[in-house]
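Biologist: Before I plan anything around this protein, I would like a close look at a single part of it, the final stretch of the chain and what surrounds it. Please take me through that part carefully, and then connect it to the rest.

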Amino acid sequence: MINIIPFLDLLDTEEEKNKFEELYSKYCNLVMYICLEKLNNNFALAEECTQEVFLQIALNFKKFLSQSVAESKKHVCTIARGHAINMYKKEFNPKFHTDIDIYNDDFAFVDNSFFETVNTNELRDAINRLSEEDAVYIYLTYVYGYTSKEIGKMFNVSADSVRKHLQFSRAKLKKQLSE
C-alpha cells in the first residue's frame, strides 16, 4: 500500500488534507485496478503508476476542491488512464518517445469554434470513439481545465508535444463529426 503522508505534505490546509485522504481511500483501489488492467497485471508497475497518479492529484488538488463526487471520480480515472497508458508505452514499447514526434502536418489547425456548433451529445460520442489516449488529453484540457504545461508536467512530455497531440485529437474529432 502507498504511504500518503508525503502527498499530504504537498497540500496547504487541513481541509485539503482531509479531502485528499477521503479521495484516496475512496479511489485507491479503482486507480490500482485501472493501472493493473492497462499494465498487463504487472503489480509492481501498477503500484508505481498508482503512486504517480496520487502524486499528480496532490500537486493539482485545487482542481478537485469544487468538484462533485461523480466529477472527482471521472477526473481521477482520466488521470489514472493517462498515466497507465504512458507507462505501458514506456515499458512495453521500446520505440516509444515521450514527445510526440510521429504526428505530421497532415492535420491542419482546427479552430475550437467548430466544436461550439456541435450538439453536446454528438461531441461526447465522438470523443468516446477516439483512442483512450486522445480522449485523456481532450478531457484533461477541456473538461478539467489543465494547461498544456500542466499536462506536460503530469506525463513528463513537453508542452509543445501536448499542444501537438491536442491539435491531432481535435482534427480527428472534427473528421468524425463531419462524416
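Modeller: K172 lies in helix α9, which covers residues 159-178, and in this predicted model the residue is partly exposed, with a relative accessible area of 25%. K172 and A126 are 46 residues apart in sequence, yet their C-alpha atoms are 9.1 Å apart in space.

Helix α9 is also one of the elements against which the buried residues of α7 pack, the others being α4, α6 (120-129) and α8 (148-155). In α7 itself, which spans residues 132-143, the buried residues are E133, D134, A135, V136, Y137, I138, L140 and T141, so that charged side chains, E133 and D134, appear in that list beside V136 and I138. After α7 comes G145, whose phi is positive, near 75°. At Y146, the ring has the charged end of K63 sitting over it, 4.8 Å from the ring centre.

From here the view can widen to the whole fold. The protein chain has 9 helices and 0 strands, and from the N terminus on its elements run α-α-α-α-α-α-α-α-α. Among contacts with a separation of 6 or more, 72% come from residues 24 or more positions apart. Of the 179 residues, 44% count as buried, while the chain exposes about 10100 Å², with carbon and sulfur atoms supplying 50% of that area.

Aromatic rings give another set of links, and a search of the whole structure finds 7 aromatic pairs. In one of them, F20 and F61 meet edge-to-face, with 5.7 Å from centre to centre and 70° between the planes. This pair links distant parts of the chain, since F20 belongs to helix α2 (residues 14-38) and F61 to the loop between α3 (43-59) and α4 (69-92), 41 residues away in sequence. Both F20 and F61 are buried, and ring pairs link these two with F7, Y24, F54 and F64 into a cluster.

Helix α3 also holds T50, which counts as buried because its relative accessibility is 1%, under the 20% cut-off. Leaving aside neighbours within four places in sequence, T50 is in contact with I2, C28, V31, M32 and C35.

C35, one of those contacts of T50, leads to the matter of the cysteines, which may concern you at the bench. The search of the whole structure finds 0 disulfides, and for C35 the reason lies in distance: the closest cysteine sulfur, in C49, is 3.2 Å from the sulfur of C35 and therefore too far for a bond, given that a disulfide is counted within 2.5 Å. C35 is itself buried, with a relative accessible area of 0%, and C77 is buried as well, with a relative accessible area of 11%.

As for how far to rely on the prediction, the protein chain averages a pLDDT of 86, and 87% of the residues score at least 70. The stretch to read with caution is residues 97-107, where pLDDT stays under 50 and for which the model has 19 contacts beyond four places in sequence.

How values were computed: Residues numbered from 1 in each chain as written. Predicted model: local features only at pLDDT ≥ 70, side-chain atom pairs only at ≥ 80, totals over all residues. Heavy atoms only, no water. pLDDT = per-residue confidence, 0-100. Contact = heavy atoms within 4.5 Å. Helix = DSSP H or I, 4+ residues; strand = E, 2+ residues; numbered from the N terminus. Buried < 20%, exposed > 50% of the residue type's maximum accessible area, 1.4 Å probe, protein only. Areas by Shrake-Rupley, 256 points an atom, 1.4 Å probe, with all protein chains shown as cover. Phe/Tyr/Trp six-rings, centres within 6.5 Å; stacked < 30°, edge-to-face > 60°. Lys NZ or Arg CZ within 6 Å of the ring centre and 35° of its normal.
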